[in-house]
Amino acid sequence: MTTTGTSSSDTTAAGAARPGGPGRLAGRTVSRVGFGAMQLERLRDDRRGALALLRRAVELGVDHVDTAHFYGNSFVNGLLREALRPEDGVLVVSKVGADPDPGGRIPLRPAQRPEELRASVEDNLKSLGVDQVPVVNLRRLDSGPGLRAEGDQAVDIDDQLAVMTAMRDEGMIGAIGLSSVTAEGLRRAIPAGIVCVQNAYSLVARDDEAMVQMCAAEGIAWVPYFPLGGAFAGIPKVTEEPAVLAAAQSLGSTPSQVGLAWLLHHSPNALLIPGTADPGHLEVNVAAGAITFDEATIASLDAVPSRSADVRIG
């Protein structure tokens, strides 16, 4: 799998209109509605279906795919390697900072030490079958729902950025992003040339609003995960909000489409990576990029109260 190919601001290398319009990531133009590949692990027993779903995503205009070697312990990366073609021009973004832990209570363990970050990049290179991963997100464990770093896994961000920039200089990775990072961590990292930030963020969980604005000012893509909230117990769900339900009914769309469209309208640097293992759901997610709101609807959605998504797992 490689990521060559040419595209324009309006169409992808595959000739498809860009869902959500064009955005910028790592110096490239990408569609603002991309694809998060994590849920493809659910199709472990239907490899043909998983490959067909990825091909359909490309046909629909997706050219930004988010992955990780630890998704399915390399299974998902293997699908991308097989499904994506050079002429598709897909920008593949991976992440490091955790490793598979199939026997653990949850299937991940922190892998924050510099030598572990390098090993994880090497794993991604092998499982994706590339000489360079175009963008690699350093998954910190500072904020949002999920794991927290303890003991020797509590590593200073400067030490991590040193190995990330070294790997960029060596050509192993093309650009550096951050995930699950605090505003202070981002400020410290900006001089290293950060191209994107992935944090938990949605209409109902806007703890990182100041960081959204910081990224916009710095030309950094904002790539929210859990864009509809509700991934873990204790996190509110966008699709249960009365204002979202009312907007969906008025527009003839689904509540999830309203939640995704709000993110696109809220910040011009937002890029979405909704994930699914269902072809129909994929089409619904992509179609969210075409939704527009009138001023009254925007006002009603903006008025939805924000609640914390800082839920610890493990």
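# Exercises on a predicted model

S180 is found in the loop that links β9 (173-179) to α5 (183-189). Helices (H or I, at least four residues) and strands (E, at least two) are DSSP runs, numbered from the N terminus. The model is predicted: local features need pLDDT of at least 70, side-chain atom pairs count only at pLDDT 80 or more, and totals for chains, interfaces and linings use all residues. Residues are numbered from 1 along each chain as its sequence is written, and side-chain values use heavy atoms, with hydrogens and water left out.

## Exercise 1. Two loop residues

Determine whether S180 counts as buried or exposed, and state what is noted about its phi angle.

*Solution.* Step 1: the terms are set by relative accessible area, where buried means under 20%, exposed over 50% and partly exposed in between (1.4 Å probe, protein chains only). Step 2: the relative accessibility of S180 is 4%, so S180 counts as buried. Step 3: its phi is near 50°, a positive value in a residue other than glycine.

Which class of accessibility does A26 fall into?

*Solution.* Step 1: A26 belongs to the loop between β1 (22-25) and β2 (28-31). Step 2: A26 has a relative accessibility of 32% and therefore counts as partly exposed. Step 3: phi of A26 is near 55°, again a positive value in a residue other than glycine.

## Exercise 2. Two residues of helix α8

Describe the surroundings of L260 and of Q257.

*Solution.* Step 1: L260 lies in helix α8 (residues 255-266), and Q257 lies in helix α8 as well. Step 2: L260 has a relative accessible area of 1% and is buried; Q257, with 9%, is also buried. Step 3: a contact means heavy atoms within 4.5 Å. Not counting residues up to four places away in sequence, L260 touches P227, L228, L272, P274, N285 and A288. With neighbours within four places left aside, Q257 is in contact with V284, A287, A288 and I291. Step 4: L260 and L203 are 57 residues apart along the chain, and their C-alpha atoms are separated by 8.8 Å.

## Exercise 3. Packing of helices

How is the packing of two helices described?

*Solution.* Two packed helices are described by the angle between their axes and the distance between the axes. Axes here are lines fitted to C-alpha atoms, for helices over the stretch in contact, and angles run from 0 to 180 degrees between N-to-C directions.

At what angle do the axes of α1 and α9 cross, and which residues make the contact?

*Solution.* Step 1: the axes of helix α1 (residues 47-59) and helix α9 (residues 279-287) come within 10 Å and cross at roughly 20°. Step 2: that makes α1 roughly parallel to α9, since angles under 35 degrees count as roughly parallel, over 145 as roughly antiparallel, 65 to 115 as roughly perpendicular and the rest as oblique. Step 3: the contact involves L53, R56 and A57 of α1 together with P279, L282 and E283 of α9. Step 4: by class, this contact of α1 with α9 has four nonpolar, no polar and two charged residues. Ala, Val, Leu, Ile, Met, Phe, Trp, Tyr, Cys and Pro count as nonpolar, Asp, Glu, Lys and Arg as charged, and the others, Gly among them, as polar.

Carry out the corresponding analysis for α2 and α3.

*Solution.* Step 1: helix α2 (residues 75-83) and helix α3 (residues 114-128) pack at an angle of about 45°, with their axes 8 Å apart. Step 2: α2 and α3 are therefore oblique to each other. Step 3: N77, G78, L80 and R81 of α2 meet N124, K126, S127 and L128 of α3. Step 4: the classes in the contact of α2 with α3 are two nonpolar, four polar and two charged residues.

## Exercise 4. The nonpolar cores

How many residues does the largest nonpolar core have?

*Solution.* Step 1: a nonpolar core is a set of buried Ala, Val, Leu, Ile, Met, Phe, Trp, Tyr and Cys residues joined through side-chain atoms within 4.5 Å. Step 2: the largest nonpolar core has 82 residues, and those with the most contacts inside it are F35, L40, M164, L186, I194 and V197. Step 3: apart from this core lies another, of 12 residues, among them L91, V93, V195 and V223.

## Exercise 5. A buried glutamine

Where does Q160 lie, and which residues does Q160 touch?

*Solution.* Step 1: Q160 has its place in helix α4 (residues 157-170). Step 2: with a relative accessible area of 0%, Q160 is buried. Step 3: residues up to four places away in sequence not being counted, Q160 touches Q112, L117, L138, R140 and V155.
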